[in-house]
Amino acid sequence: MAFPAREHDIPTVGMRYGGRVFCFIVNIKTLNIMGIVIGIDVGISTTKIVGIKNGKVSAPIRITAADPITSLYGAFGKYLHDNEIDLKDVEQVMLTGVGAAYIDSPIYGLPTAKSQEFMADGLGARFESKLDHTIVVSMGTGTSFVMCNGDEMRHIGGIGVGGGTLQGLARIMLNTGDIKQVATLAKQGNMRNIDLTIGDISAQPLPGLPMDTIASNFARAQTDASKEDIAAGLIRMVLQSIGSAAWLASLGSDIRDFVLIGNLSLLPQCKEVFPALEKLYSIRFHIPKYSQYCTAIGAALDYTINGTK
């Protein structure tokens, strides 16, 4: 490659992922940043971009295109244009995300490096939430969990349930992959027609399980279920699965705070599903202001904290 992947100051130990061990310890130091640092989270078709200067995030944007290269350069050009930024004002470009693997040369000739995605998740979520003892729940196509404990960040696993799950099931069951449309339909849905609760199967609450706790997703669904009810059931099933998996990932630790990032954190149903899980598990979920841009923010912060090698 024309430029090296990001390396971190302190190599790490201790975390399992795909049979390999990953853990990051942030070497906190403040560099003398003169220009704007651009953080770019490159997806397969969607790119998110933010700028950071003087410790402040400026005007994040999101661009969707047919491929990672088109999406990245489209987002970068639009960001510079909309914010009246000259190339000479950009000190560093930091790339992260699965689409970053397709980029093998500096962006517009600017200093360019890569930030490990789990590190970017942790740094961005910590910066936005102001929490440094938490599990970051990155809800993308699937979902990953990054445990933050002070300056140490560990990717502790994930599940194959996320936005991709919701899109795929919606295409099969609702003939649309548009998550916004699914969310709109879901607002009119009745969950009582879809999910089975503890109250449906037991005359009394079970230990730790109130009567309105979901016993089985979609267990009440019938062949004539409305699109609205199906949409509501799909969103609740995906969000509940993520929230419950996040809580399970915390067992064995004293963590009770979880930071939700990624596009799914913008679903209005989050305001219903996660408070119910908070009550059930005695934990707290947090959705930062720029929740969908936290990974891009974290990529930029990786440079402002650690620089490049």
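Hi everyone. I'd like to start right at the end of the chain: helix α8 is followed by G307, and this glycine has a positive phi, near 70°. The helix itself covers residues 294–306, which makes 13 residues. From its first C-alpha to its last it reaches 17 Å, close to the 18 Å expected at 1.5 Å a residue. Is α8 mostly covered or mostly open? Mostly covered: 13 of its 13 residues are buried.

Before I go on, please keep in mind that this is a predicted model. The mean pLDDT of the protein is 89, and 89% of the residues reach 70 or more. The stretch to be careful with is residues 1–21, where the pLDDT is below 50. That stretch does have 60 contacts in the model beyond near neighbours in sequence. Still, where pLDDT is low, the predicted coordinates should not be read in detail.

Now the overall picture. The protein has 309 residues, and 49% of them count as buried. There are eight helices and 15 strands. Looking at contacts with a separation of 6 or more, 64% are between residues 24 or more positions apart. The accessible surface comes to about 14500 Å², and carbon and sulfur atoms account for 52% of that.

Let's move to strand β4, residues 36–42. Seven of its seven residues are buried, so the strand is largely enclosed by the rest of the structure. You can see this on both faces: I36, I38, I40 and V42 point one way, V37, G39 and D41 point the other way, and all of them are buried. Note that D41 is in that buried list too.

What does β4 pair with? One partner is β7, residues 90–96, which runs parallel to β4 over six bridges. Within that pair, I38 stands opposite V93. Another partner is β5, residues 46–53, joined to β4 by six bridges in the antiparallel sense. Here V42 has T47 as its bridge partner, and the two strands are connected as a hairpin through three residues.

There is another hairpin further along, made by β10 and β11 with two residues between them. β10 is residues 143–149 and β11 is residues 152–159, and they pair antiparallel over seven bridges. If you want a pair to click on, V146 is bridged to H155 in β11. In the turn, G150 has a positive phi of about 65°.

On to the inside. The largest nonpolar core has 37 residues, and the ones with the most contacts inside it are V137, M139, L166, I235, L239, L267 and F274. Which elements give two or more residues to this core? They are β9, β10, α3, α4, α6, β14 and α7. Helix α6 gives the most, with ten residues. Apart from this core lies another one, of 27 residues, with V37, V136, I261 and A296 among them. That is a nice link back to the start of this talk, since V37 sits in β4.

For a closer look at the larger packing, try M139. Not counting residues up to four places away in sequence, it touches L239, I242, L260, I261, G262, N263, L264, S265 and F274.

A few loop residues to finish. K130 is in the loop between α2 and β9. This lysine has a positive phi of about 65° although it is not a glycine. Is K130 buried or exposed? At 65% relative accessibility, it counts as exposed. S282 is also not a glycine, and its phi is positive at about 60°. You'll find S282 in the loop between α7 and β15, and at 56% relative accessibility it counts as exposed.

Last one: M211, in the loop between α5 and β13. Its relative accessibility is 29%, so M211 counts as partly exposed. The C-alpha atoms of M211 and G199 are separated by 4.4 Å, with the two residues twelve apart along the chain. Setting aside neighbours within four places in sequence, M211 is in contact with T197, I198, G199, S202, A203, Q204 and P205.

That's my tour. Thanks for listening, and I'm happy to go back to any of these spots on the screen.

Conventions:
Residues are numbered from 1 along each chain as its sequence is written. This is a predicted model: local features need pLDDT of at least 70, side-chain atom pairs count only at pLDDT 80 or more; totals for chains, interfaces and linings use all residues. Side-chain values use heavy atoms; hydrogens and water are left out. pLDDT is the predictor's confidence in each residue, from 0 to 100. Contact means heavy atoms within 4.5 Å. Helices (H or I, at least four residues) and strands (E, at least two) are DSSP runs, numbered from the N terminus. Buried means under 20% relative accessible area, exposed over 50%, partly exposed in between (1.4 Å probe, protein chains only). Accessible areas come from the Shrake-Rupley method with a 1.4 Å probe; for residues, only the protein chains shown count as cover. Two strands pair if DSSP finds at least two bridges between them. The expected span of a helix is 1.5 Å times one less than its number of residues. A nonpolar core is a set of buried Ala, Val, Leu, Ile, Met, Phe, Trp, Tyr and Cys residues joined through side-chain atoms within 4.5 Å.
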